[in-house]
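This report walks through the fold, the interior and the surface of one protein chain. Please keep the sequence and the coordinates at hand while reading.

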Amino acid sequence: MDAGFFLNSALIGVGLAMDAFSVSVANGLADPGMRRRRMCIIAGTYAFFQFLMPVTGWFCVHTIVSYFQVFQKMIPWIAFGLLLWIGGGMLLEGVRGLREKKNGTAEVCHERLSAGTLLLQGVATSIDALSVGFTIAEYDALSAAVSALIIAAVTFGICMSGLLFGKRFGRQLSEKAPILGGCILLFIGAEILFKALMGA
């Protein structure tokens, strides 16, 4: 493992972490009062999946490559569906909150990100990293694991910055933050699907 190996892994990590960064911003917007421990759990979840997916992809390339290539075509649709569901729900909650405020029945509160939603976000933002299995296919098992760990570490740092960014502006945007967060998630899903269709 030379310097080029570590640099390439870090650059792959930056590229893969962009969706997770955007979702982190959305989560920070939705919960501007989020504590540091909660932020670490969220960023750690995204980092775990960004580690798991390339390793899983590497394993598939070395075992069931023909089946994996068929499944790979479904990856953008899966990510789109998950982000559409999560983002749409966040958007509807934000619109409902604004409507209640207009009617004078709203309470100022921020919905806590559930464990189930967090796991779905982790899968949705990292499932495209399965394709990295082809990129690191020539690595041995140890090198593939180290590369995935570097990707995970980069993802953790980028997601923490996204959460901090979202929290800061979430306080300023107040009740409009969930709407913006939902729109961000919907945009990410549409972008993933658009890129897949353009590349087909």
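The text below goes from the overall architecture to the nonpolar core, then to individual residues, and ends at the surface.

## Overall architecture

The model discussed here is predicted. The secondary structure of the protein chain consists of eight helices and zero strands, so that, read from the N terminus, its elements follow the order α-α-α-α-α-α-α-α. The chain has 200 residues, of which 43% count as buried. Where contacts join residues at least 6 apart in sequence, 92% of them link residues that are at least 24 apart. The accessible surface of the chain amounts to about 10600 Å², and carbon and sulfur atoms account for 68% of that area.

## The nonpolar core

The largest nonpolar core contains 38 residues, and those with the most contacts inside it are Ile42, Tyr46, Leu83, Leu163 and Leu185. At least two residues of this core are supplied by each of helix H1 (3-30), helix H2 (36-63), helix H4 (75-102), helix H5 (115-126), helix H7 (141-173) and helix H8 (177-199).

Leu163 illustrates how this core is put together. Apart from residues up to four places away in sequence, Leu163 touches Ser24, Val25, Asn27, Gly28, Met34, Met39, Ile42 and Ala43. Ile42, one of these partners, is itself listed among the core residues with the most contacts.

## Buried residues and their surroundings

Which residues does Ser24 contact, once its neighbours within four places in sequence are left aside? The partners are Tyr46, Cys159, Gly162 and Leu163, and of these Tyr46 and Leu163 also appear among the core residues with the most contacts. Ser24 belongs to helix H1, and it counts as buried because its relative accessibility is 0%. The side chain of Ser24 also reaches the backbone oxygen of Ala20, at 2.8 Å.

A second buried serine, Ser126, is found in helix H5. Ser126 is likewise classed as buried because its relative accessibility is 0%, and, with neighbours within four places in sequence set aside, it is in contact with Phe49, Gln50 and Met53.

Ile150 lies in helix H7 and, at 16% relative accessibility, is counted as buried because the cut-off for that class is under 20%. Residues up to four places away not being counted, Ile150 touches Phe5, Phe6, Ser9 and Ala10.

Pro76, in helix H4, is placed in the buried class because its relative accessibility is 15%. When its neighbours within four places in sequence are left out, Pro76 is in contact with Ile192 and Ala196.

Two residues of helix H2 can be read side by side: Gly44 has its place in this helix, and Val61 lies there too. Gly44 counts as partly exposed because its relative accessibility is 26%, whereas Val61 counts as buried because its value is 17%.

## Pairs separated along the chain

The table lists residue pairs with their separation in sequence and the distance between their C-alpha atoms.

| Pair | Separation in sequence | C-alpha to C-alpha distance |
|---|---|---|
| Ile150 and Leu7 | 143 residues | 9.4 Å |
| Pro76 and Leu193 | 117 residues | 5.4 Å |
| Gly44 and Gly157 | 113 residues | 9.3 Å |
| Val61 and Val132 | 71 residues | 10.0 Å |

The entry for Pro76, with Leu193 at 5.4 Å, can be read together with the contacts that Pro76 makes to Ile192 and Ala196. In the same way, the entry for Ile150, with Leu7 at 9.4 Å, goes with the contacts that Ile150 makes to Phe5, Phe6, Ser9 and Ala10.

## A nonpolar patch on the surface

Which residues make the nonpolar surface patch of about 480 Å²? The patch is formed by Trp77, Phe194, Leu197 and Met198. Helix H8 contributes the largest share of it, namely three residues, while Trp77 is located in helix H4. Helix H4 is also where Pro76 is found, and Pro76, unlike the members of this patch, has been described above as buried, because its relative accessibility is 15%.

Conventions:
Residues numbered from 1 in each chain as written. Predicted model: local features only at pLDDT ≥ 70, side-chain atom pairs only at ≥ 80, totals over all residues. Heavy atoms only, no water. Core = buried A, V, L, I, M, F, W, Y, C linked by side-chain atoms within 4.5 Å. Buried < 20%, exposed > 50% of the residue type's maximum accessible area, 1.4 Å probe, protein only. Helix = DSSP H or I, 4+ residues; strand = E, 2+ residues; numbered from the N terminus. Contact = heavy atoms within 4.5 Å. Patch = residues over 30% accessible without salt bridge, like charges linked within 9 Å, V, L, I, M, F, W, Y side chains within 5 Å. Areas by Shrake-Rupley, 256 points an atom, 1.4 Å probe, with all protein chains shown as cover. Salt bridge = Lys/Arg side-chain N within 4 Å of Asp/Glu carboxyl O. Polar contact = N/O pair within 3.5 Å; in protein donor to acceptor, adjacent residues only side chain to side chain.
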